[in-house]
Structure formats: structure tokens, C-alpha cells
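Colleague: Hi, have you got a minute to walk me through this one? I'd like to start with how the helices pack.

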Amino acid sequence: MEHHSILRVVSKLLIPPMLVYALYVQFHGEYSPGGGFQAGVVFAAAFVLYSLVHGIDALTRVAPPRVLHALAGLGVLIFAGTGVVTMALGDAYLGYYALAEHPQHAQEWGIVVVEFGVGMTVASVMLSLFIAFASHTRKLDDKDW
Amino acid sequence: MMALIEANLPALQVVLPLIAAPICAILGRGGRSWAFACIVILATFAISVALFAQTYAGTIISYRMGGWEIPLGIEYRVDRLNAFVLLIISGSATLVLPYARRIVAAEIPAERQPLFYTAFLLCIAGLLGITITGDAFNIFVFLEISSLATYALVASGSWVNKRALTAAYNYLIMGTVGATFFVIGVGMLYMITGTLNLADLAVRIADHGDSSTLRMGFVFILIGIGLKLAMFPLHLWLPNAYAYAPSAVTAFLAATATKAAVYVMLRFMFTVFGFDYEFQADTLRMVVLPLAVIAMFAASIVAIFQDNLKRMLAYSSIAQIGYILLGLTFLTETGLTASIVHLFNHAVTKAALFMVAGCFILSAGTCSISKLGGIGRDMPWTTAAFVAGGFSLIGLPLTVGFISKWYLVLAALELGWWPVALMIMASSLLAVIYVWRVVEVAYLQPAPEGTVRKEAPLSMLIPTWIFVGLSIWFGVNAMLTSTAAGRAASALFDSSHILWKE
């Protein structure tokens, strides 16, 4: 892959801003357009770009499918667990008001935590799907490009 | 702590299996994930029993998700009808999971089993969610959760037979079309009323009166749900999906998936649109009634000519759904009681029969009827369970099948529709034929040379016989189920008598 310098340089330039942008979309989700789903997709797209340039094996070294499956589950647990916490604090399921004194802060925290879970699940499911499809085809030799 | 749990029972009913699903995936291989799923399902069943007991007297439990005010936020609403359906779903799951261990071990590779149980728990969470929620859009979301899990479950039969993949894909396309139609219908209702809460929808639709948008919404919902519950001409996904899914999945789906869809139909027809909605009454009588009767006959006749036992039972399910829909179209309290009681009765009967098919597959390696010669001697208990389940399918007295048909015939005669009553009985005779075919092969034909077949293990026999026992117990002593169904029907009947304004 060393001699594809254009691909390498472009991906190197693109991937860090993509990751930062994903985090921006993630953590501004509660008061501007965006949120966990979009952030998760952008975040996963950075990894997909990395694997398009460096090969699927490079991606599975960074993000093995087993870890991705566990992270996907963990994201759901964060979302659903927030609901259980608010229930234990005496409010309804996902009733964020129990989370803090100030109602506005309570809602904000609830949404941020829940959206974090969404982002985590979406990013790992996107990558799992990509890996599942990409691993199916036969390995492409570098000369076939 | 107890008070906290009690206050949040409706939420926990869905949240418990939903949270358990990812944990099950993380837990890792084999027995651990199965044991965990069993414990969770037992707790879920306990919640269903508690909800059933709380609503039996007629109280309606209303739960505000996230604490939002009701017509705006999502409401979980438990009344007699859906408490009854919740009990069917979680009860079937409680019995199918212990049964699943051995047959899943035989049909699915060890490293895939945790994901299998994960999908199973998600499917249960989805079905319970469909049933418990009082919000039209929330129904759609849970419909998707349960359907997506079901597609994966059906496809996991591909370790045994690759045709499971096409069956699952077929189901995916049809199921997605159904869900899309449903959500378009809900969109139309939202356009008219500006609300998604079912109880609020009922009031506002009655105020709004009839309009072409309302009619379109009704038709979209009818067809969308019709696809999900395999209403006669829309049933094409069902036989293959049931035949090639892993045996435990088939038993669970046959007992629950179509039942939850029937519940949604009942809810929309009678709580949201109401008995007094003339367009609905006309559609039910002019379109759904003939289709239900055709299903009773056509599907039974096709079942007679099947060689694969699971496929035969799948076609029989389509016929049985015909009976359930027929009960709806009478638009009387007795008819509704027949439909609701048949939800339960068909669930226990069909679960028992599909479990027997699973036992045959485990021991004999096949469920092709022509290869089951003499199996009644090698597997006496399993085959006896089939005979008892078959009696119930036919509707012989002392089985639950008889109770359902009794109420159906009663409802038909109440309206003076004696041809319909005769057709109900005539179609039962077709069930005699396809059940007898299996019984004849199993008992009267010699075993094929060189076959070694052992009786199914107890972990599978006991759940099967519990279902058989239930189908006899509630056939002899029908008070509990028919009273529960009757009360659910009268609750629906009362809830929908909101006067229509012209």
C-alpha cells in the first residue's frame, strides 16, 4: 500500500477531521441538528475509509468483530440502563428529571448519556456490517488495482 | 424496592428482555447464555402474571414513559385484553426456552448460540412491546424490533437447510411491506387527528367522522397487519418461514408472532375505529369474511398434500388464523370472545404440535411424513402428544379446539348465519384428514429398515406435554380462559361505543 501515496495522504488528511466532526455531532446532539445516530455513522465512516485504503485486515486488527459486537451491546445497555437508573431514582422509565436538581440539566444529561449509547451502538454495528460484507470477497492482490 | 418494581411493572415487562438481550450476547458461548435467558424469561412471565392479576377485575393500568403527559408522550396501557395476550406470549416463551436447549444445540453451531438467544430475547421484547404499548407509532417500532429479530431467527435455520435463507429473505420483503403499509396507515390517522395515542385517536376519530383519508388509513392498516398475521392471500411468507426455521423458533413463532399481530388488529378495529364505523363493518363482512372462509378451506386442503410435517402444520396455522379472523367479522361480543379465546387455544395447540415436530427432527433426523413410519412405537410419548394436539386442532370435545369452535359456531348461529356455521364444521373435517395421515404413518406403517430412533429427551418432552396438558385442561375446564376472553371482548365492546358524528 506504500506506493499509493495519493490515497494515503488524502485518507490521512480526512480521517482525523471526520473523527472530530463525529464527536462534535455527538455531543451537540441535544441542542443542534445531529445526535447519536449521525455521529455513529460518521465515526464508522472514518474507520471504513481507513480500511478501504489499508485493507480489511488492518481494520480488524484495530477493531476485532468480537469487540465490536460487545460494544454494540454495551451501547444498548447504556441507553436502557439510563432508564433503569431513573426508575431506581423514583421517576418513570427514562424520566430524566430524576437525574439532577435543575430540570433543564436533568434533561440535558439524560439525552447526552442516552445519545452516547446510540452513537456507540450505531458505529459498532456499521463497522460489523462492513466487516461482514468485506470479509466475504476474495483478497484483492495489490497488482489488480 | 418492591414498591418501586410494582410501580414500573409495565415498563419492566418490555425492558427486562430488552436489556437481557445484549448481556446475553456479551456473556459468550453455550449454556451460560441459555441459562441467563431462561431466568430472564421466568421473571418476564412473573411480571405478565402480576399484570394479568392486577387487570383481571377491570382496572386499566396506564404508565407514562419518561414521565411525559399522556397524549404527547408514549403511554403503556394494560387492560384485560392485552394482559391476556401478554400472558400468552411470555408463557409460551417460558416453555419454549427450556425445550430449545437440546434442539438448538443440534441445529446451531456452538459459537452462534449466544447470538441466537439474543435474537430470541429481542423477539420476545418486541412482541411484548407491541402488545403493551398504547401508542400507534410505538407499535410500529416494536413491530420492527420483533420482525428483524424473527428474520434473523428464521435465517439461523440455514445451518440445517440453506433454504432457510430464501425463506427469511422472502419474509423480510413481505414483512417490510406490511410494516410500511401499517406506518402509512398510522400516518393518515395522524394527519386527521394529530395524535398517536390509541385512546386519544379513538376519541378524535369519532369527532372527526368519516372521510376518504380515514378510509385509506383503515385499509392500509388492515393490509399491513394482514401481511404480518398471514391473512389468507397475504400468507405466502409463512409456510417456508415456519418450515425452515429452527424447530424451537417455529414453535415460539407459531404460538406468539401472529397472535401479537391479531391483537394489533383487534385494537385498531375495535378501540380506534370502533364497532360503529360503517366502512369497517362493510369491509370486514364483504372482504375479510370470505377470505377467512377461503383460508379455512384452501389452507387445510393444501396442508393435506404436504410431506414436510412442519410445512403441513404451517398451512394448518393459516387455516386457524382464518377462524380467528372469522370471529372478528361477526362484530358481536360472542364472535370476539371466540377470536380471543382461540388466540390462546391455538397458541397452546400449535406450540405443542411444532414441538413434537422438533422432537422428531432431533431423534429421527427428519420431519418428512413419509419417513416417519412406525415412529409411534419408537417414540410413544412424543407421538401421543401429537395425537392429543391433533385432536385439539380438529376440535374434538375435551380439548381447547372444541371450545374455540363452540364459541365460533355459537356466534354464527346467533346471527342466523348457519351456512357459516356449517362451513366451520366442514373445515374441521379437513383437519381430521391431515392429522390422520400422520397418525396412520406413525402407528400403522412399518419403520424403514435400519433406523434407530430414541424417545426425545425429557427436557423436550416435558414442555411439549405441558402444552398438551394445557390444551386438555382448558378444554375440560374452560371457565378461566373463556371468562378472561369474554371480559376482554366486553371491554373492547364497551370501549368502542363512542357515538359517531355524521
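Colleague: How do α11(B) and α13(B) run relative to each other, roughly parallel or roughly antiparallel?

Modeller: Roughly parallel, because the angle counts as such under 35 degrees (over 145 is roughly antiparallel, 65 to 115 roughly perpendicular, and the rest oblique). In this predicted model, local features need pLDDT of at least 70 and side-chain atom pairs count only at pLDDT 80 or more, while totals for chains, interfaces and linings use all residues. Residues are numbered from 1 along each chain as its sequence is written, and chains are lettered from A and ligands numbered from 1 in the order in which they are written.

Colleague: Which residues are those helices, and at what angle do they cross?

Modeller: α11(B) is residues 247-273 and α13(B) is residues 309-329; their axes come within 12 Å and cross at roughly 20°. Helices here are DSSP runs (H or I, at least four residues; strands are E, at least two), numbered from the N terminus. Axes are lines fitted to C-alpha atoms, for helices over the stretch in contact, and angles run from 0 to 180 degrees between N-to-C directions.

Colleague: Is that crossing left-handed or right-handed?

Modeller: Right-handed. That is when the near helix is turned clockwise from the far one by less than a right angle, and anticlockwise is left-handed.

Colleague: Which residues meet there?

Modeller: On the α11(B) side, Thr250(B), Ala254(B), Thr258(B), Val262(B) and Met269(B); on the α13(B) side, Lys310(B), Ser317(B), Ile321(B), Ile324(B) and Leu328(B). The contact has six nonpolar, three polar and one charged residues. Contact means C-beta atoms, placed from the backbone, within 7 Å. As for classes, Ala, Val, Leu, Ile, Met, Phe, Trp, Tyr, Cys and Pro are nonpolar, Asp, Glu, Lys and Arg are charged, and the others, Gly among them, are polar.

Colleague: OK, and what about α5(B) against α11(B)?

Modeller: α5(B), residues 113-132, has its axis come within 9 Å of that of α11(B), and they cross at roughly 20°. That makes these two roughly parallel, and the crossing is left-handed.

Colleague: And α5(B) with α6(B), roughly parallel or roughly antiparallel?

Modeller: α6(B) is residues 136-155, and the two pack at about 155° with axes 8 Å apart, which means they are roughly antiparallel. α5(B) passes α6(B) in a left-handed crossing. Their contact includes Phe120(B) and Leu122(B) from α5(B), and Phe142(B) and Leu143(B) from α6(B). By class it is 14 nonpolar, four polar and no charged.

Colleague: Switching topic: how many residues are in the largest nonpolar core?

Modeller: 232, and Leu121(B), Val154(B) and Ala351(B) have the most contacts inside it. Such a core is a set of buried Ala, Val, Leu, Ile, Met, Phe, Trp, Tyr and Cys residues joined through C-beta atoms within 7 Å. Buried means 20 or more other C-beta atoms within 10 Å of a residue's own, exposed means 12 or fewer, and partly exposed is in between.

Colleague: What does Val154(B) touch?

Modeller: Not counting residues up to four places away in sequence, its contacts include Ala164(B), Tyr171(B), Tyr244(B) and Val249(B).

Colleague: Where is Leu413(B) found?

Modeller: In α17 of chain B, residues 400-414. Leu413(B) is partly exposed, because 13 other C-beta atoms lie within 10 Å. Leaving aside neighbours within four places in sequence, Leu413(B) is in contact with Trp418(B) and Ala421(B).

Colleague: Last one: how many residues does each chain put into the contact between A and B?

Modeller: Chain B gives 13 and chain A gives 15. On the chain B side, the largest share, seven residues, comes from α2, residues 9-27.

Methods:
Contact = placed C-beta atoms within 7 Å.
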